[in-house]
Amino acid sequence: MVQEITHIANGREPRNFISLLRVNSGKLSQRNMLILQESYTNTSGSYVIYAPVDIVAMNVVLSGGDPDYVALLPSGFAILPDCSVGDGNNQEVVSSSGSCGTQAFRNCQ
């Protein structure tokens, strides 16, 4: 079960925000973890970026501590429009034929 702890608006678009999420899991190794997530969308595309964060480290930052000492290993995905353009002389967008998705993972072993 996922619980949103904090929701911070990021600009005027209501779908653009940063969230701090708590995942309630039965696994002991995940009980001290939060997820920091940013969601963004506009006419040129959308993305979601997220990273697991240690609860102790996040409490230090929220209490005014130095955020440079918090290790972030972000992952995420982006969805961009796949547009066809006119001939070589006309660069207007003629039609949209779908979308392109890109996914990235950051894993530290």
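The following dialogue explains how to read several features of this predicted model.

User: What should be known about the numbering and the model before reading it?

Analyst: Residues are numbered from 1 along each chain as its sequence is written. The model is predicted, with local features requiring pLDDT of at least 70 and side-chain atom pairs counting only at pLDDT 80 or more, while totals for chains, interfaces and linings use all residues; side-chain values use heavy atoms, leaving out hydrogens and water.

User: How many helices and strands are in the chain, and which pattern do they follow?

Analyst: Helices (H or I, at least four residues) and strands (E, at least two) are DSSP runs, numbered from the N terminus. The chain here has 1 helix and 6 strands, in the sequence order β-β-β-β-α-β-β.

User: Which residues mark the start of helix H1 and the position just after H1?

Analyst: In general, an α-helix has 3.6 residues a turn, so residues three or four places apart point the same way. Helix H1 spans residues 55–62, and at its start a side-chain oxygen of Asp-54 comes within 3.1 Å of the backbone nitrogen of Val-56. Just after H1, Gly-64 adopts a positive phi of about 100°.

User: Where does Asn-16 lie, and is Asn-16 buried or exposed?

Analyst: Buried means under 20% relative accessible area, exposed over 50%, and partly exposed in between (1.4 Å probe, protein chains only). Asn-16 sits in the loop between strand E1 (2–9) and strand E2 (17–23), and with a relative accessible area of 5% Asn-16 is buried. Of the 109 residues of the chain, 17% count as buried.

User: Which residues does Asn-16 touch?

Analyst: A contact means heavy atoms within 4.5 Å. Leaving aside residues up to four places away in sequence, Asn-16 touches Ala-9, Asn-10, Ser-39, Tyr-40 and Thr-41. For the chain, among contacts between residues at least 6 apart in sequence, 28% join residues at least 24 apart.

User: How many salt bridges does the structure hold, and which residues form a salt bridge?

Analyst: A salt bridge is a side-chain nitrogen of Lys or Arg within 4 Å of a carboxyl oxygen of Asp or Glu. The structure holds 1 salt bridge: Glu-13 pairs with Arg-15, and their closest N and O atoms are 2.9 Å apart. Glu-13 is partly exposed at 28% relative accessible area, whereas Arg-15 is exposed at 53%.

User: In which strand does Gly-101 lie, and is Gly-101 buried or exposed?

Analyst: Gly-101 belongs to strand E6 (residues 93–104) and is exposed, with a relative accessible area of 65%. Gly-101 and Gly-45 are 56 residues apart along the chain, and their C-alpha atoms are separated by 9.8 Å.

Technical notes. Polar contact = N/O pair within 3.5 Å; in protein donor to acceptor, adjacent residues only side chain to side chain.
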